[in-house]
Amino acid sequence: MSLILFAFVVRFRDGLPLSASTDFLHNKELQERKQQLKVISKSLSSLPERGTVKGHELNIHFLSSEGVSYMTVCACSLPAASAFCFLEDLRWEFTACFDNSAVALASRPYPFLEFDSAIQKLQQHYNQKGGPSLEVTLAEVWEDLRTSPPQVLTMEDVALTNGAANGHVEQTAASGQSQRLEPVSAPGILSLILNIMCAALNLIRGVHLIEYTFQDDYDGLWNVVAFLLAFLCCVCQSHLYLFHTCQKKLKSFTLLTIIILCNAFLFGLRNIWQLAFHMSMACLSTLLTLHRKLLDRNMDCGV
């Protein structure tokens, strides 16, 4: 199996694609990584000179130098030093063929498409030999990475960086609704319905109990507070599932803890089966909320 699957060269200042390797594979994760390369290329000015975005089976490595960024999608089994060795070799090849003025004057995507043959040749060398072929040596890169390791990023980091570069961080952080989440799943729909039902039951019991509380000199006031607080937490859980927000994990576990404590406090007004139902629905909602990820923008940077 090839260890270096795809290479991408872009202009640093605006992410304009300059050249890329031809891809003949139809690996699903590879196609996702190629889409993510486009997102990364738009955020390069706010990212470190060298970085790595780790995936399940494939990693993205990028290197920026002299107004050009070099990116590659590699198998996770490929050492980082070999990946950055490949990017250094790619940089030497590119700068030998094209000068800074040619890069600066480029006005359309992929103006140096002929460089694809050089990328393919370099990829083939690394996939067969596993080592550098030009000016760079593996030992030099190992030492460089040891003294200045590349920053490990996530796609959420890149998305937030991209938002900051375009002045949208405030809106994203405030509402969380400008970023799209994965489509709602069937268990998610079921969880929302049951969560709304739990919220309604809490509200009905709380409002109904208010009348008796006034008659009994506020003896059951804390029971009313527990019902209404559980109602608010159920509503907030539904909102957390539907919309992206910062610190989602902390908010989810906080809401779950409050719901469990409220139901434990209401033991006696609810039987054990009712308590188990409300608590299990809160746990299910929390689990589905934490597993619903951001949806990568559908941008294809293949040639």
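In which helix is Val225 found? In this predicted model, Val225 sits in helix H9. Val225 is partly exposed, its relative accessible area coming out at 35%. That puts Val225 over the 30% cut-off for joining a patch, and a nonpolar patch on the surface does include Val225, together with Leu221, Trp222, Leu229, Leu232 and Phe265. Taken together, the six side chains offer about 590 Å² of accessible area. Helix H9, which runs over residues 221–242, supplies five residues of the patch, the largest share.

Stepping back to the whole chain, the protein has 303 residues, and 45% of them count as buried. Its secondary structure adds up to 11 helices and six strands. About 16,000 Å² of surface is exposed, with carbon and sulfur atoms supplying 61% of that area. As for contacts, take the pairs of residues at least 6 apart in sequence: 70% of these contacts join residues at least 24 apart.

Two helices show neatly how burial is laid out around an axis. Helix H4 covers residues 116–129, and its 14 residues should span 20 Å at 1.5 Å a residue; the end C-alpha atoms are indeed 20 Å apart, so the model agrees with the expectation. Buried in H4 are Asp116, Ala118, Ile119, Leu122, Gln123 and Tyr126. These residues take up an arc of only 160 degrees around the axis, and they therefore lie on the same side of H4. What do they pack against? The partners are strand E1 (4–11), strand E2 (17–20) and helix H2 (80–97). Turn H4 over, and the face away from the buried side carries Ser117, Lys121, Gln128 and Lys129, which are exposed.

Helix H10 (residues 248–265) can be read in a similar way. Its 18 residues reach 26 Å from the first C-alpha to the last, close to the expected 26 Å at 1.5 Å a residue. The buried set in H10 consists of Lys248, Ser252, Leu255, Leu256, Ile259, Cys262 and Asn263. Viewed down the axis, this set falls within an arc of 130 degrees, so the buried residues line one face of the helix. They pack against H9 and helix H11 (272–291). The other side of H10 has the exposed residues Lys249, Leu250 and Leu261.

Helix H11 is also home to Ser285. With a relative accessible area of 3%, under the 20% cut-off, Ser285 is buried. Once neighbours within four places in sequence are set aside, Ser285 is in contact with Ser191, Asn195 and Gln237. Of these contact partners, Gln237 falls within the range of H9, residues 221–242.

Now for the charged side chains. Side chains of opposite charge can pair when their charged atoms come close. How many salt bridges does a search of the whole structure find? The count is three. One of them links Asp14 to Arg11, where the closest N and O atoms are 2.8 Å apart. Accessibility in this pair is uneven: Asp14 is partly exposed at 32%, whereas Arg11 is buried at 5%.

Another salt bridge joins Glu88 and Arg91, with 3.1 Å between the closest N and O atoms. Both residues are buried. They are three residues apart in helix H2, so about one helical turn separates them.

In the remaining salt bridge, the side chains of Glu29 and Arg33 meet at 2.9 Å, N to O. This pair lies in helix H1 (residues 28–41), with the two residues four apart, or about one turn of the helix. Is Glu29 buried or exposed? Glu29 counts as buried, because its relative accessibility of 11% is under the 20% cut-off. Arg33 is buried too, at 9%.

Glu29 and Arg33 also turn up around Leu58, a residue of strand E4 (residues 58–65). Leu58 is buried, at 3% relative accessibility. Apart from neighbours within four places in sequence, Leu58 is in contact with Leu5, Asn27, Glu29, Leu30, Arg33, Val73, Cys74, Ala75 and Cys76. Leu58 and Glu29 are separated by 29 residues in sequence, yet their C-alpha atoms are 7.3 Å apart in space.

Key: Residues are numbered from 1 along each chain as its sequence is written. This is a predicted model: local features need pLDDT of at least 70, side-chain atom pairs count only at pLDDT 80 or more; totals for chains, interfaces and linings use all residues. Side-chain values use heavy atoms; hydrogens and water are left out. Patches are made of residues with over 30% relative accessible area and no salt bridge: like charges are joined within 9 Å, nonpolar side chains (Val, Leu, Ile, Met, Phe, Trp, Tyr) within 5 Å. Accessible areas come from the Shrake-Rupley method with a 1.4 Å probe; for residues, only the protein chains shown count as cover. A salt bridge is a side-chain nitrogen of Lys or Arg within 4 Å of a carboxyl oxygen of Asp or Glu. Buried means under 20% relative accessible area, exposed over 50%, partly exposed in between (1.4 Å probe, protein chains only). The expected span of a helix is 1.5 Å times one less than its number of residues. The arc is that of the directions from the helix axis to the C-beta atoms. Contact means heavy atoms within 4.5 Å.
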